[in-house]
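Here are a few short exercises to work through with the structure open beside you. Try each task before reading its solution.

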Amino acid sequence: MDESYSNLPTSHLIGSVPAVVIEEKSTTNPQEANGQQSANTWKGVFSVSSYTQYFNVDEDIVMNRLMSSLNPLSGDFFSKIDANPDLYGLVWVSATLIFVISSLGNCATYLMHKRSDSSSSWSFDVNYVNVAAGSVYGYALLVPLGFYFLLQYLGSSASLIRFWCLWGYSLFVLTLSSFLLVIPIEFLRWTITILAGATSASFVAANLKMYIQSNDLTIVLVAAFVLQMGLTIFIKMWFFS
């Protein structure tokens, strides 16, 4: 008797709760997921925290890379920064060069002014700072970006962070040579400019060569060399003339 009652269905009784089977379904549209991923990627581009990993370098690493930039024919700079490329050179070496050529450029014009005409007054040219910041940062940001897109178009697997790192450290020799450009001897200034420019340009071209797979693309190396020399000559002509 008890068994017959216990086997009766109870789902129709008042107060009974039917079993609910929950089936999880993915309601996310693949296109929406791709859109969210793209949005997150672009959000990371404009986030400061995304670039903190590229400043995770200590003093020894930075000094080693600065010294490497003084060896124009080594061509192993990318192998040294392979595990940890940084933006220290792009930001701080460029900032140092801007400060040096702005201050020493005014100092050089003062010395030349005193040698030629000491009777008239001399004033500090604050526009040197604006020109230096615009030219150096513009060059250090846009030129590597241009070569990155060019090599990507030509089928090479280029890395923008590595390029920024390379061009940033290549400015170190120009910073050192600027101290010698204060000497008010024009022939010596041009000699220093050519030597410093050739060193910096050779450093860039020698390391950029690893991305060049064909002899037909040597024009890319020539362009990198010429642009680096052009920046060096511009610094000499504008700030130390």
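**Exercise 1. Describe the order of the elements from the N terminus on, and count helices and strands.**

Solution. Start at the N terminus of this predicted model and note each element in turn: the run reads α-α-α-α-α-α-α-α-α-α. Then count by kind, which gives ten helices and zero strands.

**Exercise 2. Work out how many residues of helix H7 are buried.**

Solution. First, find the helix: H7 covers residues 160–170. Next, apply the cut-off, under 20% relative accessible area for a buried residue. Among the residues that pass are Arg162, Trp164, Cys165, Trp167 and Gly168. The full tally is eleven of the eleven, so H7 is largely enclosed by the rest of the structure. For the background, buried residues make up 37% of the 241 residues in the protein.

**Exercise 3. Decide whether Phe124 is buried, partly exposed or exposed, and say which surface patch it belongs to.**

Solution. Begin with its place: Phe124 sits in the loop between helix H5 (88–116) and helix H6 (127–153). Its relative accessible area is 48%. Partly exposed covers the range between 20% and 50%, so Phe124 is partly exposed. Now look around it on the surface: Phe124 forms a nonpolar patch with Tyr110, Trp122, Val126 and Val129, and together they have about 450 Å² of accessible area.

**Exercise 4. Characterise the whole protein by its surface and its contacts.**

Solution. Take the surface first: about 14600 Å² is accessible, and 63% of that belongs to carbon and sulfur atoms. Then take the contacts with a separation of 6 or more: residues 24 or more positions apart account for 76% of them.

Methods:
Residues are numbered from 1 along each chain as its sequence is written. This is a predicted model: local features need pLDDT of at least 70, side-chain atom pairs count only at pLDDT 80 or more; totals for chains, interfaces and linings use all residues. Side-chain values use heavy atoms; hydrogens and water are left out. Patches are made of residues with over 30% relative accessible area and no salt bridge: like charges are joined within 9 Å, nonpolar side chains (Val, Leu, Ile, Met, Phe, Trp, Tyr) within 5 Å. Accessible areas come from the Shrake-Rupley method with a 1.4 Å probe; for residues, only the protein chains shown count as cover. A salt bridge is a side-chain nitrogen of Lys or Arg within 4 Å of a carboxyl oxygen of Asp or Glu. Helices (H or I, at least four residues) and strands (E, at least two) are DSSP runs, numbered from the N terminus. Buried means under 20% relative accessible area, exposed over 50%, partly exposed in between (1.4 Å probe, protein chains only). Contact means heavy atoms within 4.5 Å.
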